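Me: I'm new to reading protein structures and would like some help. Could you walk me through one, feature by feature?

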Amino acid sequence: MEPRNFDGDADRPRPAGAKQTGRVLVVGPYLRVRAGSADAQSESHVVRDAEARLDEAAGLARAIDLVIADAIIAPISQIRPATYIGKGKVEEIAALAKSLDVDLVVMDCALAPIQQRNLEKELHAKVLDRTGLILEIFGRRAKTKEGSLQVELAHLNYQRSRLVRSWTHLERQRGGFGFMGGPGETQIEADRRLIQERITKLESELKKVQATRRLHRAGRQRVPYRVVALVGYTNAGKSTLFNRLTRADVQAADMLFATLDPTLRALNLPHGGKAMLSDTVGFISNLPTQLVAAFRATLEEVLEADVILHVRDISHEDAEAQQSDVDAVLRQLGINPDDSGRIIEVWNKIDRYDPEQREELLNVAARRPEDHPAMLVSAVSGEGIDALLAAIEQRLAAKRTTLDLSIDAADGAGISWLHRNSEVLAKELHDGRFDMTVRVDETKRDIVVNRFDAVPRVA
């Protein structure tokens, strides 16, 4: 395939002796999926568009301000153990990298340490795979102490297996006075030992973070605040939707992984109830397992959530494949993506459709099963937000009990307690008493029944 320029200044000549400035060649070494193959026939397999995958890889590179000299697709029929791609492709990429005078070649795949080392030797440039690129983005975006700890832990676990590099100092012998025999500890062994010590320390610190989070959750459960969590593919519009729902000012940008650290804000529901809305890190295809493990403490908010909003960029050409990727990560976390009682699909960015396309989209949503509805919204314009809030409240209400009661109007403390600890759906004054209809969490049901002689509402 012919190279495609992603940057207008890719071909501009630079003065002799000029310092290199992070120019990068992005390579998409994607396996061909043959018609009739097991992958092509699998119902659960969604074939991603190669152009969309390359665009995403270029977006990842741009997210850390790399200047993209070129981006190409290098289709392969099989993965080579030594270099991932075939010898001919390696030579073509080496020639292109030399002609473009790039500093870095990004391979949009997961490379084994030996493959990365061999490619660096053949291409005469630094090589970064998809996992390393995502780790680099996370390292730059982490703002909180917790986020920094999680990213560093993931990076060290990744780097530990890549100490077998072309750096000659790693092969030098050091230390040792001959008391134990042998040549002493090599630099590479020392580096691995230091990395393992740092990993152990980070894991200990993250356990403290998890303990703190458990205390915070226990405090919310005593109130109790129900939790609604946003999940979705990176750049699906989660943070923009978060801001729309909570009137917050979380950073939202047309950029992959614009938001990294988790955020919690109060969410006001239509009938006066409250919930906690959690914005989490975006998912992505081939999300490194190190990151899924390292960010488990952050993602515990999703595990504990009463309702999960799966936000989808329904206008994206790879929307179906992105849904499949998010579902895969949810399964890794132990969450069933088909749990209709807990998960609501939110089809975002409908403002990008013209009226005719939007009508067609509405028809598609209308044909979905009743227990798997899709909420069509625009986080930018606010369209569909009221219906989404009503759907969230309905899901939360399904786990709560509606009670009728009568209370003396003079019992100010009791009335105040009900307003703080329940959703007051109706309240009318008759002959010095308030007839009230309230909705309470199961943890408060018996208290309300015993204290106020409340009875369950008959449907």
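## Reading the core and its links

Reply: Let's start with one residue and its neighbors; keep in mind that this is a predicted model. Leaving aside residues up to four places away in sequence, I308 touches A229, V231, V302, I335, R342, I343 and I344.

Me: Which residues touch the most other members of the largest nonpolar core?

Reply: I308 is one of them, along with V24, V26, F283, V302, L330 and I335. That core has 42 residues. At least two residues each come from β1, α2 (50–62), β2, β3, α5, β5, α10 (296–304) and α11 (319–332). The top contributor is α2, with five residues. There is also a second, separate core of 24 residues, and among its members are L245, L277, A379 and L396.

Me: How do I read a strand? Let's take β2: how many of its residues are buried?

Reply: The general idea first: in a regular strand, side chains alternate between the two faces of the sheet. Now the case here. Strand β2 covers residues 67–73, and six of its seven residues are buried, so the rest of the structure largely encloses it. To see what it pairs with, look at strand β1 (residues 23–28): six bridges join β1 to β2, and the two run parallel. For one concrete pair, find V26, whose bridge partner in β2 is A71. You've met V26 already, as one of the core residues that touch the most other members.

Me: Next up, salt bridges. How many does the structure hold?

Reply: There are 15 of them. When you find one, check which elements hold the two partners and how covered each partner is. Try D108 and R130, whose side chains meet with N to O at 2.6 Å. D108 sits in the loop between β3 (104–107) and α4 (113–123), while R130 belongs to helix α5 (residues 130–141), so this pair ties together parts 22 residues apart in sequence.

Me: Are D108 and R130 buried or exposed?

Reply: The cut-off for buried is under 20% relative accessible area. D108 is buried at 7%, and R130 is buried at 5%.

Me: What about a salt bridge inside one helix? Where do R140 and E136 lie?

Reply: Both are in helix α5, four residues apart, which is about one turn of the helix. Their closest N and O atoms are 3.5 Å apart. R140 counts as partly exposed, at 48% relative accessibility, and E136 is partly exposed too, with 35%.

Me: Now one between strands. Which residue forms a salt bridge with E423?

Reply: That's R226, with the closest N and O atoms 3.3 Å apart. E423 lies in strand β12 (residues 423–430) and R226 in strand β5 (residues 226–232), so the pair ties together parts 197 residues apart in sequence. E423 and R226 are both buried. Salt bridges with shared partners also join R226, E393, E423 and R439 into one network.

Me: Let's zoom out. How many helices and strands are in the protein chain?

Reply: You can find 15 helices and 14 strands in it. Of its 459 residues, 48% are buried. Take the contacts between residues at least 6 apart in sequence: 70% of those join residues at least 24 apart.

Me: And what about the outside? How much of the exposed area do carbon and sulfur atoms supply?

Reply: They supply 50% of the roughly 23100 Å² that the protein chain exposes.

Terms used: Residues numbered from 1 in each chain as written. Predicted model: local features only at pLDDT ≥ 70, side-chain atom pairs only at ≥ 80, totals over all residues. Heavy atoms only, no water. Buried < 20%, exposed > 50% of the residue type's maximum accessible area, 1.4 Å probe, protein only. Pairing = 2+ DSSP bridges. Salt bridge = Lys/Arg side-chain N within 4 Å of Asp/Glu carboxyl O. Core = buried A, V, L, I, M, F, W, Y, C linked by side-chain atoms within 4.5 Å. Contact = heavy atoms within 4.5 Å. Areas by Shrake-Rupley, 256 points an atom, 1.4 Å probe, with all protein chains shown as cover.
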